Amino acid sequence: MTAAVALFTRDLRLRDNPPLRAACKAADTVVPLFVRDTGIDAAGYAAPNRLAFLADCLTDLDHGLRQRGARLIVRTGEVVEQVCRVAHEADAAEVHVAADVSGFAARREERLRAALESAGRRLCVHDRVVTAVAPGEITASGKDHMAVFTPYFRRWEDTHRRDPLGAPRRIGAVEGLKSEKVPSRTRTKGVSPGVPEGGESAGRERFADWLSSGMDAYEDRHDDLAADATSRLSPHLHFGTLSPAELVARARRQGGPGAEAFVRQLAWRDFHHQVLAARPHTARADYRTHHDHWRTGEQAGREAEAWRQGRTGYPVVDAAMRQLRHEGWMHNRGRLLVGSFLAKTLYVDWRVGARHFLDHLVDGDIANNQMNWQWMAGTGTDTRPNRVLNPITQGKKYDPEGGYVRRWVPELADVHKRYVHEPWKLGEEEFAALGYPEPIVDLGDGLDRFRHARGK
Ligand SMILES: Cc1cc2nc3c(=O)[nH]c(=O)nc-3n(C[C@H](O)[C@H](O)[C@H](O)COP(=O)(O)OP(=O)(O)OC[C@H]3O[C@@H](n4cnc5c(N)ncnc54)[C@H](O)[C@@H]3O)c2cc1C
């Protein structure tokens with residue numbers, strides 16, 4: 001009997017999973033392996049909200065594998081060491097894994113290839129698993145990536161797509177391999193109350209609902225904060241319980257302006273992934289630096305903390321920051337305006353904000369998070385790097401009735417829509433009775449400071 005290892009990373013699904021299908025084709029028996037990577041804990045990226053969602057994903061994956069005659073093998077430790085050990089125990093000739101984009105993933109792949117080859121085994125890396133179009137597949141002439149979204153998207157739309165694959169019907173198991181218990185969500189401490197259920201089954205259900213009753217209205221309603229009319233598929237895309245290639249194919253098949261707008265967002269995801277793949281250091285360093293001297297010190301620290309706590313005195317900013325803590329998720333319009341508020345109005349380093357997001361987001365993702373933060377800070381690929389979003393006008397435009405603010409900021413639950421984005425206009429006594437903070441910064445002063453810092 002021959003054996004192969006299918007190493008699951010950010011592709012925790014049975015359907016449209018090229019590494020799993022290739023492993024099944026390559027050998028009589030397959031070891032479906034997940035390694036709980038202690039390197040991720042050590043780097044501080046193991047946020048409770050993501051660990052809870054991950055536990056659901058692994059439980060569901062194990063269940064699906066058992067229905068097909070196999071089971072998930074779980075090990076904890078350093079990935080290269082654990083994979084080599086399992087490959088040795090199973091006497092597997094090949095290990096199949098999805099290509100990924102971060103510097104961490106690239107180093108892991110390199111070390112794993114070398115270690116496996118020195119033991120006479122082969123590492124097979126599969127593209128278009130984590131993204132619909134692989135990084136490096138679309139490049140500007142003479143360059144290794146594209147830095148502007150619109151031309152990228154034009155080429156992305158014309159790129160030939162592979163057809164989504166079905167799940168394997170049966171998987172031949174390797175007998176006698178030991179596995180740790182599949183982690184359970186209930187054992188994870190510090191999880192936000194609103195973290196959704198993870199796993200391929202939950203993801204497919206959510207996607208089916210989205211196709212039947214959400215996507216058509218997406219183009220018109222995606223920016224409406226109170227309507228909450230986006231797909232909320234981001235955690236499933238982050239953990240790969242849904243395949244981006246399949247989502248694109250099925251949305252296109254359904255068609256219409258909502259589908260087109262949704263597919264465009266999936267292209268944004270690929271866009272940011274190809275930037276990070278080409279410039280892995282931009283997970284930490286500016287993509288296009290303005291040599292910012294970000295504010296530090298006590299006052300800036302206090303303001304950043306008010307931002308984290310959702311107590312800046314700007315209702316729409318505070319609503320979004322409180323949604324993040326409660327759900328481990330935030331509406332995209334909220335992410336844009338709280339990002340602008342921290343990096344531009346308060347002029348605090350975008351890395352401070354990106355870190356806080358990664359501590360809480362269920363979909364917290366190095367490519368999407370760091371690249372979007374850089375976009376908002378004007379250090380990334382935005383072609384208008386110095387635009388500043390005004391939280392009052394943004395609130396009035398994207399939450400005109402104040403429903404989003406009232407949902408997340410109970411102090412303002414009874415405030416009329418005329419004042420909900422500027423409660424200080426209620427008059428001194430009435431405002432004081434709300435128990436809601438005064439603005440921590442004057443927007444005009446913040447704007448002047450930022451423009452001065454950027455020499456504009
Ligand atoms: C400061 C900031 C930080 C962000 N951090 C993350 C993050 O850590 N992880 C993450 O997945 N997204 C991040 N985003 C992008 C975006 O806000 C979320 O993907 C989106 O809000 C998720 O909700 P949804 O699934 O309902 O999106 P939908 O609007 O339904 O879009 C569908 C999918 O397209 C992708 N997408 C949408 N917008 C973007 C975008 N701007 N960039 C990249 N992909 C996009 C996502 O995978 C999303 O699930 C960030 C945006 C900003 C401004």
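Reader: Leaving aside its neighbours within four places in sequence, which residues is valine 31 in contact with?

Author: This is a predicted model, by the way. In it, valine 31 is in contact with Ala3, Val5, Ile73, Val86, Ala90, Ala92, Val174 and Leu177, once neighbours within four places in sequence are set aside. Contact here asks for C-beta atoms within 7 Å.

Reader: Which residues of the largest nonpolar core touch the most other members?

Author: Val5, Val31, Leu33 and Val83 do, in a core of 120 residues. Helix 3, residues 48-67, gives this core its largest share, nine residues.

Reader: Why is valine 362 called buried?

Author: The cut-off for buried is 20 or more other C-beta atoms within 10 Å. Valine 362 has 28 C-beta neighbours inside 10 Å, so it counts as buried.

Reader: Where is valine 362 found?

Author: Look in the loop between helix 15 (350-360) and helix 16. Leaving aside neighbours within four places in sequence, valine 362 is in contact with Asn49, Arg50, Phe53, Val195, Pro235, Gly328 and Trp329. Try glycine 198 as well: its C-alpha atom is separated from that of valine 362 by 9.7 Å, with their places 164 residues apart along the chain.

Reader: And what makes alanine 202 partly exposed?

Author: Alanine 202 has 19 other C-beta atoms within 10 Å. Buried begins at 20 and exposed means 12 or fewer, so with 19 alanine 202 is partly exposed. Alanine 202 sits in helix 7, residues 200-213. From its C-alpha to that of histidine 236 is 8.9 Å in space, and the two are 34 residues apart in sequence.

Reader: How do you know that the ligand lies between domain 2 and domain 3?

Author: Both domain 2 (131-159 + 201-278) and domain 3 (297-453) give residues to the shell around the ligand, so the ligand lies between them. That shell has 28 residues, and the closest are Thr230, Ser231, Ser234, Asn369 and Asn372. Two or more residues each come from helix 9 (234-239), helix 11 (257-278), helix 14 (332-345) and helix 16 (366-377). Helix 11 gives the most, six residues.

Reader: How many residues of that shell around the ligand are nonpolar, polar and charged?

Author: Ten are nonpolar, 13 are polar and five are charged.

Reader: How many residues of domain 2 and domain 3 are in contact with each other?

Author: On the domain 2 side there are 17, in contact with 20 residues of domain 3. Helix 9 and helix 11 each supply at least two residues of the domain 2 side. Helix 11 gives the most to that side, with five residues. By class, the domain 2 side has seven nonpolar, five polar and five charged residues. The centres of the two domains, taken over C-alpha atoms, are 25 Å apart.

Reader: What radius of gyration would a compact globule of 456 residues have, and what does the protein have?

Author: A compact globule with 456 residues would have a radius of gyration near 23 Å, and the protein has 23 Å, so the two agree. The C-alpha atoms fill a box of roughly 80 × 45 × 45 Å along the principal axes. Of the 456 residues, 46% count as buried.

Reader: What else should I look for in the whole protein?

Author: There are 20 helices and five strands. Among contacts between residues at least 6 apart in sequence, 78% join residues at least 24 apart.

Technical notes. Residues numbered from 1 in each chain as written. Predicted model: local features only at pLDDT ≥ 70, side-chain atom pairs only at ≥ 80, totals over all residues. Near = placed C-beta within 6 Å. Helix = DSSP H or I, 4+ residues; strand = E, 2+ residues; numbered from the N terminus. Nonpolar A, V, L, I, M, F, W, Y, C, P; charged D, E, K, R; others polar. Domains from an automatic or database assignment. Rg over C-alpha atoms; globule rule 2.2 N^0.38 Å. Contact = placed C-beta atoms within 7 Å. Core = buried A, V, L, I, M, F, W, Y, C linked by C-beta atoms within 7 Å.
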